[in-house]
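Me: I am new to this structure and would like the reasons behind the labels. Please take them step by step.

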Amino acid sequence: GGSFVAAFERRTGKERWRVARDEETSWASPIALTRDGKTQVVVSGTKRIRGYDLATGEVLWAAGGLSSNVVCSPVSDGEFVWAGSSYESQALLAIDLARAKGDVTGTDVVPWVRRRATPYVPSLLLLDGSLYFLHHYQGFLSRVEASTGKEPARATRLEGLDDVYASPVAAAGRIYVTDRSGVTAVLTPGTLELLAKNVLDDSFSASAALAGRELFLRGERALYCLAEE
């Protein structure tokens, strides 16, 4: 109960605004984007994914269609928002920000929806016009065209990877997927060719963090920094 979204001044901690939400749970992180000179905060939820005006907290648009217990965070290129879930039902949908206003559920402002093999825990990766995502949190990686939702090829089975909670990340022309047992698969974007498989003796649920030429992985026992010497 008491669900809300709030904005705070970074330097002082002063609350700028607070808006009640008719939601039970949402594990997804909010994202910020700028459209037509206005910054909005997008938050996924069971009943609706919503775009909030950062300045006032006003709901600019909302779209239903996700499942309950949303974990996967949305992504955006400033033109569209993509959001997914896969708890009790499967959903991955695109939202056209240029036309998003009010409740757009079931309208052509949502140009495509996918109802199978969608992500649950790991978030989406948007890269070079494609969306990459795990099936639920299993070791199958799919790629679809972000503009159409079409899948150019069958999902790639990531041999040796089991449960995946960490979101896929991309850097230096490669995609990195880390599972809970400490295995990281390194793949080529597009073809999803396996380039390497690296193992750390730890358990990982957090997504990798990228900074410059360094990759950080937070395990249950230690924090790891991987970099070229």
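Me: Which residue is the bridge partner of L134 in β14?
Reply: L134 is matched with L141 in β14. The model is a predicted one, and the values below are computed from it.

Me: What makes β13 and β14 paired strands?
Reply: Pairing asks for at least two bridges between two strands. Strand β13 (residues 130-134) and strand β14 (residues 140-145) are joined by five bridges, so by the cut-off of at least two they pair. They run antiparallel. Five residues lie between the strands of this hairpin, and among them H136 takes a positive phi near 55°.

Me: How do you know that β14 and β15 pair as well?
Reply: β14 and strand β15 (residues 156-157) have two bridges, and the required number is at least two, so they pair. The sense is antiparallel. F140 has R157 in β15 as its bridge partner.

Me: Why are β16 and β19 called edge strands?
Reply: Their sheet is open and has four strands in the order β16-β17-β18-β19, with antiparallel pairing. β16 (169-171) and β19 (194-199) each have a single partner strand, so one side of each has no neighbour in the sheet. Neighbouring strands here are turned by 25° against each other on average, direction ignored. Within the sheet, four bridges join strand β17 (residues 174-178) to strand β18 (residues 183-187), and T178 stands opposite T184 in β18.

Me: Which strands stand at the edges of the sheet β7-β8-β9-β11?
Reply: This is an open sheet of four strands with antiparallel pairing. Its edge strands are β7 (75-76) and β11 (113-114), each of which pairs on one side only. β7 is joined to strand β8 (residues 80-86) by two bridges, and S76 stands opposite V81 in β8.

Me: What is notable about the phi of D36, and is the residue buried or exposed?
Reply: Most residues other than glycine have a negative phi. D36 has a positive value near 55° and is not a glycine. D36 lies in the loop between β3 (31-35) and β4 (38-43). The relative accessible area of D36 is 68%, and exposed means over 50%, so D36 is exposed.

Me: Why is A117 called buried?
Reply: A117 has a relative accessible area of 15%; the limit for buried is under 20%, so the label applies. A117 also has a positive phi, near 50°, and is found in the loop between β11 and β12 (125-127).

Me: Are C72 and C225 buried or exposed?
Reply: C72 is at 0% relative accessibility, under the 20% limit, and therefore counts as buried. C225 has 40%, which falls between 20% and 50%, so C225 is partly exposed. The structure holds zero disulfides.

Me: How do you know that the radius of gyration agrees with a compact globule?
Reply: For 229 residues, a compact globule would have a radius of gyration near 17 Å; the protein has 18 Å, so the two agree. The C-alpha trace spans about 45 × 45 × 35 Å along its principal axes.

Me: What does the protein hold in helices and strands, and how much of it is buried?
Reply: There are zero helices and 22 strands. Buried residues make up 47% of the 229 residues. The accessible surface comes to about 11,800 Å², of which 48% belongs to carbon and sulfur atoms.

Methods. Residues numbered from 1 in each chain as written. Predicted model: local features only at pLDDT ≥ 70, side-chain atom pairs only at ≥ 80, totals over all residues. Heavy atoms only, no water. Disulfide = S-S within 2.5 Å. Buried < 20%, exposed > 50% of the residue type's maximum accessible area, 1.4 Å probe, protein only. Rg over C-alpha atoms; globule rule 2.2 N^0.38 Å. Areas by Shrake-Rupley, 256 points an atom, 1.4 Å probe, with all protein chains shown as cover. Axes fitted to C-alpha atoms, helices over the stretch in contact; angles between N-to-C directions.
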